[in-house]
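Let's take a walk through this model, one piece at a time. Have the viewer open and follow along.

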Amino acid sequence: MQSYETIEVDIDPRGIATVALNRPDRRNAINPEMMDELLAALERLGGDETVRAIVLRGNGGVFCSGGDLNWMRDTRGATEDEVTRDSARLQRVYITAANCPKTIVGRLHGAAMAGALGLVACCDVAIAEKETRFCLSEVRIGLAPGIIAGFLLPRIGTGWFRYLATGAVVFDADLARRAGLIHEVAEGSADLDARVEAHCRLALAASPEAIAGTKALVADLGYGPDPSLLETGLGWNVKTRMSDAAQEGIGAFLERRKARWVVDE
């Protein structure tokens, strides 16, 4: 079994693979090393005929807090091409998850913020503990959610996306279910584990070829992420990531101060 630094991968005897984000001290924030490891793990598991389903979870108190802002802040002196290649690493993780031929079950708890919602949107089944909090928080730090928009919009539609993204609304699991981001709400960790296990058993009872074919069917009918639109979204990510607003917003967050655009009541 390959070893990783930022994730953990385990495959049980039935062929259920668990991929756990494993930076609990950083609230499982996604950094370049995690991107590379997630990409490698998803590609390997997706091509492994013995794997029947993948459970995506986070270790520690939260599922994932989104992109590591220390990584996102580091654009000073970089060219647009360099930032594009850097951001494209994260987009490739989402593309690989969305196109994975295995059923992916998201086990969500604590919080799923910003870029984490891209991972959630790529799950075939997303189940959240009732107390989980969600937020498309990019506008608070001067960014537009360009990369994840191509995955969230097919999932929740423009109405919910604009409502949640323009206001950086913090919302609960019940609203996440109403918006179509997740499918089930669990009452606690035991219920969450039971619901995840139930969907793993459904995957074990189904034809692996038919599951892969059904996911390919969705994409062929035009309901998956559109490659040309993903390129547009990536461009928006790069544009806003290199902006003065992003440097101010990310800097303010890391320095624990208010950004210059915040109006006190």
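We can start at R23, keeping in mind that this is a predicted model. Skip the neighbours within four places in sequence, and R23 is in contact with T6, N28, A29, N31, M34 and D68. Where does R23 sit? You'll find R23 in the loop between β2 (16-21) and α1 (32-46). Is R23 buried or exposed? Its relative accessibility comes out at 13%, and since anything under 20% is classed as buried, R23 counts as buried.

Next up is the sheet. Strands of a sheet pair through backbone hydrogen bonds, either parallel or antiparallel. Here six strands make an open sheet with mixed pairing, and the order reads β1-β2-β3-β4-β6-β9. At the edges you have β1 (7-11) and β9 (184-186), each of which pairs on one side only. On average, neighbouring strands in this sheet are turned by 20° against each other, ignoring direction.

Zoom in on the β9 end of that order. Strand β6 (residues 125-129) runs parallel to β9, and three bridges join the two. If you want a landmark there, I127 stands opposite E184 in β9.

Finally, look at helix α3, residues 80-98. With 19 residues at 1.5 Å a residue, α3 should span 27 Å, and because its end C-alpha atoms are 26 Å apart, the expectation and the model agree. The helix does bend, by about 25° at R89. Plenty of α3 is tucked away too: V83, D86, S87, A88, L90, Q91, V93, Y94, T96 and A97 are buried. As a reading aid, an α-helix has 3.6 residues a turn, so residues three or four places apart point the same way.

Notes. Residues numbered from 1 in each chain as written. Predicted model: local features only at pLDDT ≥ 70, side-chain atom pairs only at ≥ 80, totals over all residues. Heavy atoms only, no water. Helix = DSSP H or I, 4+ residues; strand = E, 2+ residues; numbered from the N terminus. Expected span 1.5 Å × (residues − 1). Bend = angle between axes of the 7 residues up to and from the residue. Buried < 20%, exposed > 50% of the residue type's maximum accessible area, 1.4 Å probe, protein only. Pairing = 2+ DSSP bridges. Axes fitted to C-alpha atoms, helices over the stretch in contact; angles between N-to-C directions. Contact = heavy atoms within 4.5 Å.
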